[in-house]
Amino acid sequence: GRFIHFEESVDSTQKIAHKLAYDGMKEGTIVVAEEQISGRGRLDRKWHSPKYTGIWMSVLLRPNLPPPKAPQLTLIAAVAIVQAIEEVTRLQPNIKWPNDILLNGKKIVGILTEMQAEADKINSVIIGIGINVNQQLEHFPEELQTIASSLLIESGKTYTRAKLIQVILAKLEKLYDQYLQHGFLPIKLLWESYALSIGKQIVARTITGSIKGVAKGITDDGVLMLEDKDGKTHYIHSADIEM
Ligand code: BTN
């Protein structure tokens with residue numbers, strides 16, 4: 001059956017989830033921790049994960065899909081989290097491609113999707129979710145204070161993290177089932193309705209350089225389409241987006 005693996009303090013819930021995946025744990029297994037000592041973000045960054053104030057969790061999935069479809073799961077998770085935050089807080093967050101969730105232009109959620117694959121088949125996907133819930137501004141390191149925020153800072157209210165987790169998992173399960181049955185299109189449309197950058201001029205900083213253009217949308221695989229001033233479409237798999 002389903003299994004929630006709860007820890008007081010870990011280095012990273014991703015690391016534990018990878019181990020559980022390797023050990024054969026079932027799809028739907030969740031790892032939640034009160035604190036992460038070395039929480040990880042995308043692009044080798046750290047993720048600030050102080051005790052008792054945020055949601056630090058990893059979700060193990062085992063979709064029967066080829067590896068290039070894995071980014072779609074990040075987008076599914078983003079939609080589930082936006083819907084859950086809307087329902088619980090009545091705030092209206094937006095998504096910044098591929099995986100940031102913002103309120104008033106500040107980041108409150110980060111998602112890190114990692115996979116284990118063999119040949120052309122996904123073995124497991126670990127979706128790491130970090131949500132700033134009850135932090136005060138002064139809880140953030142100074143360098144984050146202008147770019148990060150929390151649900152408390154944005155609404156003036158504290159939230160029960162267990163309730164949020166419960167709603168997120170319910171939404172995620174529903175969207176994931178819908179995805180497995182009907183494909184990505186319905187979710188892609190939802191994702192685009194929450195996305196900030198579609199139709200706007202952005203700069204995508206990739207490892208090979210920066211590309212400026214208008215974000216046109218995402219492909220069926222969750223790849224960002226960027227049209228430059230010469231009308232050429234660039235397909236962005238991984239980048240930092242500046243708006
Ligand atoms: C990002 O925006 O760069 C992604 C941040 C992902 C953070 C979460 S917190 C739970 C899980 N464990 C980690 O070490 N990272 C992810």
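**View 1. E227 faces T233 across a strand pair.** In this predicted model, E227 sits opposite T233, a residue of β11. The strands concerned are β10, which covers residues 224–227, and β11; they run antiparallel to each other, with 4 bridges between them.

**View 2. Stepping back, here's the open sheet of 5 strands.** Reading across, you get β11-β10-β9-β8-β12, paired in the antiparallel sense. At the edges are β11 (233–236) and β12 (240–242), each with pairing on one side only. From one strand to the next, the twist averages 45 degrees.

**View 3. Two domains meet here: domain 1 (4–194) and domain 2 (201–242).** Their C-alpha centres are 23 Å apart. Where they touch, 13 residues of domain 1 are in contact with 7 residues of domain 2. On the domain 1 side, the elements that chip in two or more residues are α2 and α5 (185–194). Helix α2 gives the most to that side, with 4 residues. Sorted by class, the domain 1 side of the contact comes out as 7 nonpolar, 2 polar and 4 charged residues.

**View 4. The largest nonpolar core takes in 66 residues.** If you want to find your way around, start with the residues that have the most contacts inside this core: I76, A77, A78, V79, I81 and W191. Helix α2, spanning residues 70–89, is the top contributor with 12 residues. Both domain 1 (4–194) and domain 2 (201–242) supply residues to this core, so it lies between them.

**View 5. Zooming in on I76, a residue of helix α2.** Buried or exposed, going by the C-beta neighbours of I76? I76 counts as buried, because it has 25 C-beta neighbours inside 10 Å, and the cut-off for buried is 20 or more. Leaving aside residues up to four places away in sequence, I76 touches L175, Y176, Y179 and I187. Look for F184 too: I76 and F184 are 108 residues apart in sequence, yet their C-alpha atoms are 8.7 Å apart in space.

**View 6. V79 and the residues it touches.** Which residues does V79 touch, not counting residues up to four places away in sequence? They are L175, I187, L190, W191 and Y194. Of these, L175 and I187 are also touched by I76. W191 is worth picking out as well, being listed with V79 among the residues that have the most contacts inside the largest nonpolar core.

Technical notes:
Residues are numbered from 1 along each chain as its sequence is written. This is a predicted model: local features need pLDDT of at least 70, side-chain atom pairs count only at pLDDT 80 or more; totals for chains, interfaces and linings use all residues. A nonpolar core is a set of buried Ala, Val, Leu, Ile, Met, Phe, Trp, Tyr and Cys residues joined through C-beta atoms within 7 Å. A residue is buried if 20 or more other C-beta atoms lie within 10 Å of its own, exposed if 12 or fewer, and partly exposed in between; C-beta atoms are placed from the backbone. Domain bounds come from an automatic or database domain assignment. Two residues are in contact if their C-beta atoms, placed from the backbone, lie within 7 Å. Two strands pair if DSSP finds at least two bridges between them. Axes are lines fitted to C-alpha atoms, for helices over the stretch in contact, and angles run from 0 to 180 degrees between N-to-C directions. Ala, Val, Leu, Ile, Met, Phe, Trp, Tyr, Cys and Pro count as nonpolar, Asp, Glu, Lys and Arg as charged, and the others, Gly among them, as polar.
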